[in-house]
Amino acid sequence: MTAVTHVLPYLVAVWIFLIGCYGLATSRNLIHAVGCLSVCQAATYVLLLAVGYRDGATAPVFSDVEPGSRPVVDPVVQALALTDVVVGATVTALLLALVVQVAKRHGTVDPDELSELRG
Amino acid sequence: MNGWILAATVALGAGAGATLWGVATGPLRRRVVAQNLSTALACLVLLLLAQGYDRPSYVDLALVLALLGPVGTLVFARLLADDLAEDPPRAWGPTYLVVGAGAAVVTALCVATGPSRASAKLLVVGALLIGGNVVASRALSGGFSGLRRG
Amino acid sequence: MADAVIIVALLLVAAAATTAVLVRDPVRQALVLAVLGVLLAVLFTTLQAPDVGLSQLAVGSALTPLLLLLTVRKVRRRGRKEGPRR
Amino acid sequence: MNRRIRLWLVAVAGTALAALLVAACLDLPDFGGDRHPYGDRAVDASLARHTANTVASVNFDQRAFDTLGELTVLFAAVVGCVVLLRQTRDEHRARPEPEPVARPVRRYALAVLPVALLTGLYVIAHGQLSPGGGFQGGVVAATALHLLYLGADYRALERVRPLGLYEAGDAVAVSAYLVTGLAGLIGATAFLANTLLPYGTFNTLSSGGTVPLLNAAVGMEVACAVVVLLARFLDQAVEIEDPTGKGSGTP
Amino acid sequence: MDDLLPLLVALPLLGAAVLVAGGRLVPRLVAESVACAVSAGTAALALVLLLNCSPPMVEWAGGWVPVNGRSVGIVLVGDGPGLGMAALASLLTLAALAYSWRYFDEPPRGHAGSFPALVLLFQAGMCGFALAGDLFNAFVWFELMSVVAYALTGHRVEEARAVQGALTFAVVNSLGAYCLLMGIALLYARTGELAMTQIGRGLDRAAGPDGPDVLVLAAFVLVLTGLLVKAAAVPFHFWLPDAHAVAPTPVCMVLSGVMVELGAYGVWRVYGTVFAGPGGIPAADFERALTVLGALTAAVGAILCWYQRHLKRLLAYSTVAHMGLFLLGIGVLKPEADDGIALYLLGHAGVKAALFACAGILLDRYGSVDEHALRGRARELRGVAVLFTLGALGLAGLPPFGTALGKSITEEAVGGPLTVLYVLATAVTAGAVLRVAARVFLGLGPPPENGDAYETTGSGERPETRHRLGRIPDSMKAVPAVLLAGVLAVGVGPGFADVVAHAVNEAGSGGVLVASVHWTPAGILLGLASTALAVGLAAVAVTRPKLLAPAWALPLRRLQSGHVGDYVAWLLVGAAVLGALALPGVLGS
């Protein structure tokens with residue numbers, strides 16, 4: 001049991017990433033594809049935070065606990081994940097803006113029907 | 001592990017599992033209700049976890065979720081009003097269940113913390129959670145009744 | 001044993017992510033993504049990252065669904081009016 | 001490439017990649033391990049500078065240069081969306097009809113709006129103390145503003161949303177962050193150095209030197225950015241009509 | 001002096017913020033002047049720092065200098081290659097801004113500053129990435145660079161192709177960025193550090209006597225996937241022709257001239273600082289991976305380049321081919337090759353930007369970039385014809401262009417069959433460009449018949465100016481001329497090559513100081529040979545169009561389907577192949 005729990009978070013991150021890639025590759029709708037891309041990104045959050053976790057520790061926020069009284073988890077990965085969340089949200093917005101324009105100019109959001117760029 | 005975390009685990013496993021199933025299958029009207037319930041449930045779980053980890057500052061998450069969860073549901077209710085108009089969701093049963101559970105959890109937490117600023121915050125969260133859920137259910141069941149155009 | 005809640009949250013997140021990919025209709029996917037966002041926030045809280053959980057809540061519960069649904073609405077509004085060009 | 005070949009490619013390559021990544025996971029340090037050298041140093045550095053929320057200290061002091069990049073990504077995305085979702089020459093605008101909203105929903109929206117705005121400000125202001133900060137609070141405040149659209153009317157939202165002001169606010173907030181950084185370069189030792197201001201008393205609103213300043217700049221930037229971003233999408237979804245549908249906006 | 005490194009990022013950012021804040025109040029002329037001034041100022045600062053970069057500068061952002069060798073801050077590294085790339089990016093940005101001076105289509109109402117502001121943000125992202133000494137910081141600037149590039153590529157939203165190309169670009173590059181981030185997370189898990197040199201040391205410490213394990217391999221694969229997507233290595237390259245063919249011309253100049261090259265620079269930097277130690281990826285495996293991918297990239301890029309009739313798409317494929325050559329040069333891990341690649345990269349940036357500038361002139365004058373449709377129509381543009389032909393010859397590596405110097409040094413360093421590949425790839429891409437020049441500017445050869453309907457033609461493109469240009473503005477002709485003069489200066493400037501070589505080797509993977517780099521008789525002969533081959537190919541193609549268009553390449557062309565799902569599938573394949581190529585070192589030790 002413990003052997004599994006020691007790697008489970010990492011495996012979950014890998015699974016989320018790959019399933020997101022699968023969805024992206026097989027998507028029939030560009031809006032759905034953007035959603036799948038944000039699923040892929042969720043994998044990076046999970047991996048980062050799993051890496052920074054420490055057993056029995058609490059958040060490195062000392063507004064309501066005494067510094068040093070309890071072990072704390074790694075704050076650096078949290079800062080990285082925070083940056084990542086922001087970046088992910090903005091990329092999603094930009095991609096959706098492009099999807100809106102694709103829908104306008106091509107009249108479809110099905111990647112199978114986009115045939116302007118070939119060869 | 002203490003009782004609070006155990007309660008949170010059970011609520012998460014059973015409740016969130018059920019709402020995930022609800023949001024993944026069935027007609028659209030069931031899915032929006034399930035999405036609404038999942039935010040309410042997550043809010044309760046966050047409250048329980050804050051108490052379980054003995055970190056009052058975690059309550060901020062529940063506060064934000066109690067505010068934004070119903071807003072998210074309003075987004076769906078408003079922008080899917082056309083799709084929902086033919087077949088409006090009626091989900092007062094689960095709504096009252098969650099409202100009841102919310103009231104119970106907030107009361108229990110207030111008793112555990114005792115009268116203080118923290119319990120005042122808890123009461124605010126509880127009020128927002130309950131009010132938000134009732135309104136969100138109302139919005140789903142015809143709050144933007146299908147009169148809209150374009 | 002305190003890990004139990006983490007494991008439950010992890011499994012739920014994995015299930016929600018899988019569902020979000022397998023649900024092909026963008027509107028329904030937006031609903032699942034909203035649930036995924038909230039579940040991620042709970043997971044982050046159990047991993048003792050309330051800051052990240054809070055930003056995930058802020059983004060995932062209302063902002064991303066709103067953006068997705070506005071896009072869907074724009075795309076559909078076109079479709080209703082004239083149908084695809086080709 | 002047809003769908004079946006693509007699926008095969010994804011299956012084969014995905015399996016190979018999965019094998020590699022799973023094997024890598026087995027080599028990772030166990031989940032919950034105790035070795036976090038950088039994290040421990042960061043906690044010490046944060047406490048030395050009287051910042052209660054270590055994550056805020058990492059974001060706005062130790063790795064403030066990263067946050068500058070993050071801020072700029074958001075800023076760039078906003079400018080990009082403004083450009084991409086502009087009204088082109090062949091499009092025109094149609095005023096949206098007011099939409100009926102049930103009374104309890106409207107009342108709730110109007111009642112919660114100030115609460116949500118306050119919560120947003122609270123989350124920003126306590127960024128260096130408790131969980132939260134400029135980014136989270138900014139998003140909450142900006143989302144709250146859109147309760148006007150959700151619960152009341154698009155026009156009500158437009159009245160409280162002079163877009164030009166928000167765009168300028170976005171840019172001004174980025175400049176404020178940069179100017180604070182440059183002040184560090186000129187007045188102290190390095191770009192974004194947090195050595196100019198007193199560190200204050202631990203666990204109070206004014207603690208942490210420049211951390212609250214940068215935090216506030218980020219909060220303002222994010223709030224303005226989200227408002228502008230959503231405004232562009234709302235414009236497209238509600239107001240802007242397509243070139244081909246001239247004249248007859250609605251069916 | 002070290003303190004000033006972050007200014008290379010901060011200055012353009014401040015300029016962009018000012019432009020956005022004040023853009024609606026000031027006329028267009030003011031906005032563009034401010035942008036040019038800021039960009040030029042940054043470029044000047046980069047050059048000044050570059051002249052003082054020996055010994056390499058190191059700056060800790062926020063003043064978090066290390067205590068006991070450890071810091072909690074972010075390190076910026078201002079060595080020769082880093083500052084060189086920053087200077088190159090700044091100069092090309094300046095060229096792009098000068099090129100678009102009063103030429104570019106009207107900005108959206110009330111947003112006069114938005115295009116120049118985006119370009120400045122792009123410059124900041126590129127400078128930040130070039131200077132990053134911290135892996136996560138590199139990721140952040142990488143993302144900034146990408147986000148701005150997506151927006152700029154889709155800038156002409158009325159064009160169906162532009163928005164599709166931008167979307168493909170955005171999806172593939174974002175996925176690549178997430179791979180990079182996963183790799184960073186794995187490295188952080190192993191070493192607990194984020195600064196590149198610290199990660200490298202951490203890997204060496206953590207590795208047992210057996211050398212690297214699968215974790216290191218996976219991190220290597222993920223990080224390299226992210227960077228190679230940016231560098232457009234086969235099979236990660238599909239987004240590049242789609243995006244570069246549709247982006248506005250000034251943006252193409254920067255994208256092809258320096259952004260893609262930053263991907264290769266990233267590979268060089270990350271391998272040298274993170275994975276080169278005993279705990280990293282053995283040199284033989286890195287060599288194998290990059291040689292295979294680089295050779296494939298050069299071959300595929302050159303072949304597909306030959307088949308294009310859409311002029312900008314042709315130039316985009318030539319960029320792919322050259323990226324293959326750069327990766328080959330980096331892959332052999334020899335200091336001489338690094339010197340050669342640095343010079344080649346400088347020369348290529350100038351040549352490619354100049355060629356795109358000429359293509360933009362054609363587009364705005366005639367409303368088309370189709371080789372067949374333009375046949376003989378541009379006879380009147382003598383000056384542009386000369387510039388275009390010179391650019392093509394530079395691409396082929398005709399001495400004394402800087403490209404030729406860099407290419408010959410690299411060719412001698414790699415040796416053997418790879419030298420042949422260098423000559424062939426440059427000859428084919430340059431031959432394709434010369435063929436276009438002969439048809440478009442001279443109207444030579446029989447009118448080509450319309451081939452299969454599968455390919456993207458260059459007709460149906462709209463000019464980027466409000467109206468078709470009657471007269472070409474001087475600024476549009478001056479920019480390519482200055483760029484080509486710069487390339488020439490790289491080749492003939494006395495001592496310039498030595499300065500570059502010194503800067504590269506001081507920071508480089510080897511650390512060995514090579515005696516001197518200069519023209520050699522063999523190098524000149526190789527350059528002349530590839531030029532002659534290119535001219536010959538072009539001559540045959542123009543006079544006997546059927547002879548040099550065999551059908552066997554059609555399946556290869558069909559892979560470029562414009563379908564996002566396909567590109568994602570290929571990305572996964574590429575990552576798996578990368579893993580397979582680097583696997584022996586992990587298993588064997």
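# Chatting through a predicted multi-chain model

Tutor: Let's start with a small detail: E:Ala61 sits opposite E:Ile74, which belongs to β2(E). Keep in mind that this is a predicted model.

Student: Okay, predicted, got it. Which residue does E:Trp60 stand opposite in β2(E)?

Tutor: That would be E:Val75.

Student: So how do β1(E) and β2(E) pair, parallel or antiparallel?

Tutor: Antiparallel, and the pairing runs over five bridges. For orientation, β2 covers residues 74-78 of chain E.

Student: Is β2(E) enclosed or open?

Tutor: Five of the five residues of β2(E) are buried, so the strand is largely enclosed by the rest of the structure.

Student: And which way do the residues of β2(E) point?

Tutor: They split between two directions. E:Ile74, E:Leu76 and E:Gly78 point one way, while E:Val75 and E:Val77 point the other way, and all are buried.

Student: How many residues of β1(E) are buried?

Tutor: Four of its five, which leaves β1(E) mostly covered.

Student: Let's zoom out. What domains is chain E divided into?

Tutor: There's domain 1 (1-131), domain 2 (150-281 + 565-589) and domain 3 (282-549). Domain 2 is given as two stretches of chain E.

Student: How far apart are the C-alpha centres of domain 1 and domain 3 of chain E?

Tutor: They lie 27 Å apart. The two domains do have residues in contact: 17 from domain 1 of chain E and 17 from domain 3 of chain E.

Student: What classes of residue are on the domain 1 side of that?

Tutor: The side of domain 1 of chain E that touches domain 3 of chain E has 11 nonpolar, three polar and three charged residues.

Student: New topic, whole chains. Which pair of chains in contact shares the most contacts?

Tutor: Chains D and E, out of eight pairs of chains in contact. Chain E puts 62 residues into that contact, and chain D puts in 60 residues.

Student: Which parts of chain E supply at least two residues each to the side touching chain D?

Tutor: Quite a list: α1 (7-22), β1 (57-61), α4 (114-131), α5 (135-153), α6 (160-191), α8 (214-231) and α21 (564-588) of chain E. The largest share there is from α5(E), with 10 residues.

Student: How does that side of chain E divide by class?

Tutor: Where chain E touches chain D, chain E has 40 nonpolar, 13 polar and nine charged residues.

Student: What about chain E with chain B and chain C, do they touch or not?

Tutor: Chain B and chain E do not touch, and their nearest C-alpha atoms are 24 Å apart. No contact joins chain C and chain E either; the closest C-alpha atoms of that pair lie 12 Å apart.

Student: How many residues do chain A and chain D put into their contact?

Tutor: It takes 41 residues from chain A and 47 residues from chain D. On the chain A side, the elements giving two or more residues are α1 (2-26), α2 (30-52) and α3 (75-106). The largest share, 16 residues, belongs to α3(A). By class, that side of chain A has 28 nonpolar, nine polar and four charged residues.

Student: I clicked on A:Ala93. Where is it found?

Tutor: In helix α3 of chain A.

Student: Why does A:Ala93 count as buried?

Tutor: Because 27 other C-beta atoms lie within 10 Å of A:Ala93, and the cut-off for buried is 20 or more.

Student: Which residues is A:Ala93 in contact with, leaving aside its neighbours within four places in sequence?

Tutor: C:Leu67, D:Ala77, D:Cys81 and D:Leu229.

Student: How many helices and strands are there in chain C?

Tutor: Three helices and zero strands. Of its 86 residues, 79% count as buried.

Student: Last thing: how do α1(B) and α1(C) lie relative to each other, parallel or perpendicular?

Tutor: The axes of α1(B) and α1(C) cross at roughly 10° and come within 9 Å. The two helices are therefore roughly parallel to each other. Residues making the contact include B:Leu12 and B:Ala16 of α1(B), and C:Val8 and C:Leu12 of α1(C).

Student: And the classes in the contact of α1(B) with α1(C)?

Tutor: 13 nonpolar, four polar and no charged.

Note on methods
Residues numbered from 1 in each chain as written. Chains lettered and ligands numbered in written order. Predicted model: local features only at pLDDT ≥ 70, side-chain atom pairs only at ≥ 80, totals over all residues. Domains from an automatic or database assignment. Contact = placed C-beta atoms within 7 Å. Nonpolar A, V, L, I, M, F, W, Y, C, P; charged D, E, K, R; others polar. Buried ≥ 20, exposed ≤ 12 C-beta atoms within 10 Å, placed from the backbone. Pairing = 2+ DSSP bridges. Axes fitted to C-alpha atoms, helices over the stretch in contact; angles between N-to-C directions. Parallel < 35°, antiparallel > 145°, perpendicular 65-115°, else oblique.
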